[in-house]
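Let's walk through this structure together, looking at how some of its charged side chains pair up and how two of its helices meet. Keep the 3D view open as you read.

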Amino acid sequence: ERFYLKQQPEAALARAKTLLTLSDTPPVTNDPTDLRRLIKHEGPEKQHNIVLVSVESLSASYLRHFKETFKIKSWITPNLDRLADEGIMFTNLYATGTRTVRGLEALTLSVPPTPGQSIVWRPKNADMFSIGSVCRSRGYDTSYVYGGDAIFDNMRNFFSANGYRVVDRSTKTKKDITFQNAWGVADEDLFRWALQEADGNQAAGKPFFMHVMTVSNHRPFTFPEGRIDKAQGTRDAAVKYTDYAIGKFLEDAKSKPWFNNTVFIIVADHCSNSAGKVELDVTKYHIPCIIWNPTLIKPRVFDQLCSQIDVVPTVFGMLNWSYTTRSFGQDVFSPGYTPDRHRAYVSNYQKIAMITKDTLAMLKPKQQFTLGKVNLKTGALEPDTTGALKSHLDDTVSLYQSASWLFRNGRLSASTDKP
């Protein structure tokens, strides 16, 4: 409210409500400050398990599917490349930020990255509307499985306060760990824990949503010997090791009784490098996302613009779930997700922006902004000098301001029975 362009709160909320309401997701009430929409699907819901793997620092530029965009001459992710061919591959999806807590915020809460700290770090972030709350309303067990110590970045407090069981290095004994460094355990150990958690849910007859956060692709980039053909200590080697561990995890999962009923999502938390030649380089937010299980999902490529906050709402749509949503994320396979609704949110600590097909509006402190036509392949920005893009700037202000207002006023709570 003090530092950024703003509108009258009711006007901002009303505009955001219009922008978020799709033709097939009607608003719950006429109250302009109530942004809840009704997600309605005909027919029975699918009670598939969901395993969401958020991969540390996995830039799109590492995958073969992006070789033309990033002029890649060689690639280091043979398993992810294969999974992309076998599942749904999103080729035009953008992370909301440059740090893990932004990725966790986007994937868990489906909200834009409002200025300053991620909501994961903020006070009054308990009992929020989240991916977990939607799953638990259907009797799912929800867990967060992390290879490091979840005290880092307030993960334990945040996920515990939002109804997740937290499994991390501190909950394990020495026999559960075969390799570790200062940052965390090897991804192979992490995925073995994930298999154990899934086995436990299967034995209890309980469906599950499991969020698994990898750590091996983080400094110091060390991992068990003899797994890949690269020496330890570099980012490329760590990426290739994580790719190996993901491939092994899914191969091991195929032998499990719960495999044929489980949807796997593999998505980056953020890119490996956010520095660019412009104020906010959109190419440094381009991340891969794969939805996979050959027994449940037909391969396809989705090349329309979308955001990290859209990932799980899209999976819920694939499962035919009906619910009341408070999220800003959209089901990108919904008939109502028309080109005029395609948008992505990107940010660093102080600068927040919204992208459409060819336009970027960036909000900055001191009520400053940058507005223009953007080239998503190069990141180049052509400033708007005519005022023709003013409505895009107004849309950006209204969506970010509304997200901030709703959080500060307790209107992003898990409760959906009142505005």
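Start in helix H4, which covers residues 100-109: arginine 102 and glutamate 105 both sit in this helix, 3 residues apart, or about one turn of the helix. Keep in mind as you look that this is a predicted model. The two residues form a salt bridge, with 2.9 Å between the closest N and O atoms. Arginine 102 is buried, and glutamate 105 is buried too.

Side chains of opposite charge can pair when their charged atoms come close. In this model, the count of salt bridges comes to 26, and a few more of them deserve a visit.

Move next to lysine 240 and aspartate 229, whose side chains meet in a salt bridge at 2.7 Å, N to O. Lysine 240 belongs to helix H8, while aspartate 229 is in the loop between strand E6 (208-213) and H8, so this pair ties together parts that are 11 residues apart in sequence. Are these two partners buried or exposed? Lysine 240 has a relative accessible area of 18% and is therefore buried, since the limit for that class is under 20%. Aspartate 229, at 61% relative accessibility, counts as exposed because the value is over 50%. Elsewhere, salt bridges that share partners join Glu1, Lys6 and Arg408 into one network.

Another salt bridge brings together the side chains of aspartate 85 and arginine 64, at 3.0 Å from N to O. This pair links distant parts of the chain, 21 residues apart: aspartate 85 is in helix H3, and arginine 64 is in the loop between strand E2 (49-55) and helix H2 (67-70). Aspartate 85 is partly exposed, with a relative accessible area of 40%. Arginine 64 also counts as partly exposed, at 25% relative accessibility.

Helix H3 brings us back to H8. Two packed helices are described by the angle between their axes and the distance between the axes. Here, H3 (residues 78-86) and H8 (residues 235-253) pack at an angle of about 50°, and their axes are 7 Å apart. That angle makes H3 oblique to H8. Which residues meet where H3 packs against H8? From H3 come Pro78, Asn79, Leu80 and Leu83, and they meet Asp243, Tyr244, Ile246, Gly247 and Leu250 in H8. Sorted by class, the contact has 6 nonpolar, 2 polar and 1 charged residues.

Methods
Residues numbered from 1 in each chain as written. Predicted model: local features only at pLDDT ≥ 70, side-chain atom pairs only at ≥ 80, totals over all residues. Heavy atoms only, no water. Axes fitted to C-alpha atoms, helices over the stretch in contact; angles between N-to-C directions. Helix = DSSP H or I, 4+ residues; strand = E, 2+ residues; numbered from the N terminus. Parallel < 35°, antiparallel > 145°, perpendicular 65-115°, else oblique. Contact = heavy atoms within 4.5 Å. Nonpolar A, V, L, I, M, F, W, Y, C, P; charged D, E, K, R; others polar. Salt bridge = Lys/Arg side-chain N within 4 Å of Asp/Glu carboxyl O. Buried < 20%, exposed > 50% of the residue type's maximum accessible area, 1.4 Å probe, protein only.
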